[in-house]
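The following paragraphs treat the surroundings of a ligand and then the arrangement of a sheet. Please keep the sequence and the model in view while reading.

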Amino acid sequence: MADELYSPTPEFSQRAVVSSRAAYDRLYRAALDHPEEFWGDLARQELHWFQPFNKVLDWQPPFAKWFLGGRTNAAYNCLDRHLSGARKNKAAIIWEGENFEQRVLTYQDLFRRVSKLANVLKRLGYKTGDRAIIYMPMVPEAAVAMLACARLGIIHSVVFGGFSSEALKTRIDDLNANLVLTADAGQRRGREIPLKRNMDAALAECPGVRHSIVYRHKGAEIAMREGRDHWWHDLMFGAPEDCPAEALDSEHPLYVLYTSGTTGKPKGVVHTTAGYLLQTHMTMQWVFDLREEDTYWCTADIGWVTGHSYIVYGPLSMGATTLMYEGAPDWPEPDRFWRLIEKYRVNVFYTSPTAIRSFIRLGDQWPNKHDLGSLRLLGSVGEPINPAAWKWYHQVIGKDRCPIVDTWWQTETGAIMISPMPGAVATKPGSATLPLPGIVPDVVDLRGEPVPAGQQGYLVIRRPWPAMFRTLYGDDERYRQTYWTKIPDVYFTGDAARRDADGYYWVLGRVDDVINVSGHRLSTMEVESAMVRHAAVAEAAAVGRPHDLKGQALVVFATCKGGVPKSPELVEELRQWIGHEIGGFARPDEIRLVEALPKTRSGKIMRRLLRELVTADKISGDTTTLEDYSVLLKLSAEGKEEEEILEQKAKNTRS
Ligand code: WT7
């Protein structure tokens with residue numbers, strides 16, 4: 001059966017940045033044949049340089065450097081260069097709080113705040129190369145903090161506000177950070193999130209942090225520690241507005257963002273300045289087809305890479321108006337997103353399949369109450385979007401008028417890699433379609449050989465790209481091992497995919513021990529290590545189970561230490577424990593306390609079996625015990641090794 005094809009309408013194509021399939025093909029060809037010329041020309045045209053680069057790419061696999069010898073600054077590109085023309089009084093950030101407060105910051109406003117904060121940081125003694133943690137709610141000041149760091153070359157690491165003090169501490173330690181920017185509290189679904197209190201708990205064991213700067217957001221009751229903690233508004237009062245942007249090397253690290261890997265320790269993904277900025281900037285044009293007058297809204301949190309690339313750096317570099325919303329999608333009522341779109345006349349809307357599926361469940365009456373006529377383009381990111389959700393999004397939100405860009409990328413890739421160009425490429429529901437210019441993916445087997453069209457394999461990227469991460473912070477070896485050795489000579493994404501006869505990519509999901517819960521990457525190993533830190537737990541194994549709404553749900557099997565009785569109270573305590581050790585969003589959907597975990601002869605836990613157990617409807621929930629499985633295992637000739645998980649074909653969990 002042929003796939004359903006949605007072609008761009010002539011009205012859309014006519015005004016699009018890339019307006020025909022032939023134009024896309026030409027761009028792709030040019031980048032493929034002459035990558036350095038292609039990216040070099042764009043970098044010269046699209047970015048401001050304090051000093052021009054003299055070499056486009058230095059590729060010593062797996063280490064890349066882009067735009068060598070060049071000097072630039074991300075904050076300068078996002079702010080200063082917009083101040084001389086018509087954009088100076090254009091809204092840069094439109095913010096709405098969960099309680100309906102509203103703020104609008106023009107480019108000049110934002111520039112002034114960033115410059116002042118940069119001066120504050122200087123006065124406290126911070127300089128290029130220092131490392132700052134940003135642990136803030138979704139307020140414009142989070143972007144101000146990022147840009148002030150970028151202005152001085154201070155490497156920032158945003159820690160999602162949903163992370164616990166334990167997770168915060170781990171990140172401060174790994175980064176050896178000496179500064180934290182936070183707020184008294186955040187808000188979600190009417191509840192306060194005690195950010196400052198969490199920071200205090202983390203800093204009790206992080207003596208390297210000399211100062212913290214606290215933005216007063218909710219007026220929450222907090223304790224300030226003399227000499228260490230400073231109120232944001234106190235420091236900003238009277239700070240000079242003139243703070244020239246540092247001319248930084250193209251390869252100066254812009255930020256480190258921690259993401260879950262296949263061990264208990266999160267990976268510090270390092271992004272640098274020029275290449276990252278160029279590709280986020282270009283994808284705003286290629287994928288979001290941005291127009292000067294657009295109001296653009298990406299619903300991600302600033303704590304994830306989507307927030308970095310598509311709320312802050314990409315849109316601001318383009319001089320766009322970016323909407324920022326603090327709260328939950330269903331607060332106070334399930335129509336909050338649609339209300340926002342109507343109120344601010346949003347033109348380009350970018351959200352996740354999880355959000356879309358939950359809106360489907362809430363009912364069409366909520367979007368139907370609102371005028372969504374301003375929308376021109378819809379985007380999706382974070383996980384595979386199932387065709388049914390895609391079609392609902394197209395029909396009920398886009399009124400069959402708006403193209404959908406299903407954008408595949410990762411924290412590591414920094415920017416969108418595979419996605420339709422909406423005026424050029426016909427879409428198929430569920431497919432991220434074709435690679436963007438300069439991106440050379442492939443679907444291969446474990447030896448790196450391409451698999452035939454229509455067959456599943458591993459998604460890899462064959463050539464370096466400008467926004468690629470450069471390493472894992474302080475751990476080149478783990479970078480090499482994790483991404484560049486499993487399949488020879490290429491970047492291994494950790495995803496399974498197939499490419500159809502038209503060259504369209506269908507990303508199927510992760511093949512490693514990483515699960516994707518509501519578009520948030522969670523490491524099963526991280527959860528397991530947290531579990532066994534609890535006094536009652538002997539062993540733990542965490543796996544993902546398909547979930548209608550969240551994509552995957554987290555299920556943890558655990559055995560107790562001798563003499564500890566299993567009880568519902570203990571299960572609840574362990575759920576809270578995970579919330580404490582990692583963050584509320586990581587709390588397992590289910591914890592099963594069992595007598596034993598199935599293991600191979602060599603003693604490795606067979607997560608594959610557990611995955612099957614929780615996935616197969618006929619077994620899950622009934623009385624089949626794990627011991628039966630261990631017995632079953634003993635009977636089977638060989639205990640399969642964990643590495644075979646990689647060999648195992650990923651299942652499209654929601655097909
Ligand atoms: C993983 C990356 C990139 C921003 C958000 C997540 C999955 C992401 C898609 C998509 C199918 C997708 C992949 C990828 N993923 N976008 N459009 N179609 N899968 O960033 O936390 O680094 O997770 O999310 O499995 O590897 P992340």
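A polar contact is a pair of N or O atoms within 3.5 Å; within protein, one of them must be able to donate a hydrogen and the other to accept it, and residues adjacent in sequence count only if both atoms are side-chain atoms. A polar side-chain atom of T411 is 2.6 Å from an oxygen atom of the ligand. The backbone also takes part: a polar backbone atom of G382 lies 3.1 Å from a ligand nitrogen atom, and a backbone N or O atom of E383 is 3.4 Å from a nitrogen atom of the ligand. The protein buries 95% of the 560 Å² that the ligand exposes when taken alone (accessible areas by the Shrake-Rupley method with a 1.4 Å probe; for residues, only the protein chains shown count as cover).

This is a predicted model, in which local features need pLDDT of at least 70 and side-chain atom pairs count only at pLDDT 80 or more, while totals for chains, interfaces and linings use all residues. Residues are numbered from 1 along each chain as its sequence is written, and side-chain values use heavy atoms, with hydrogens and water left out.

The sheet is open and has seven strands (DSSP runs of E, at least two residues, numbered from the N terminus) in the order β5-β4-β17-β16-β18-β19-β20, with mixed pairing (two strands pair if DSSP finds at least two bridges between them). Because β5 (102-106) and β20 stand at the edges with a single partner strand each, one side of each has no neighbour in the sheet. Within the sheet, β4 (residues 91-96) and β17 (residues 321-325) run parallel and are joined by four bridges; E96 has Y325 of β17 as its bridge partner.
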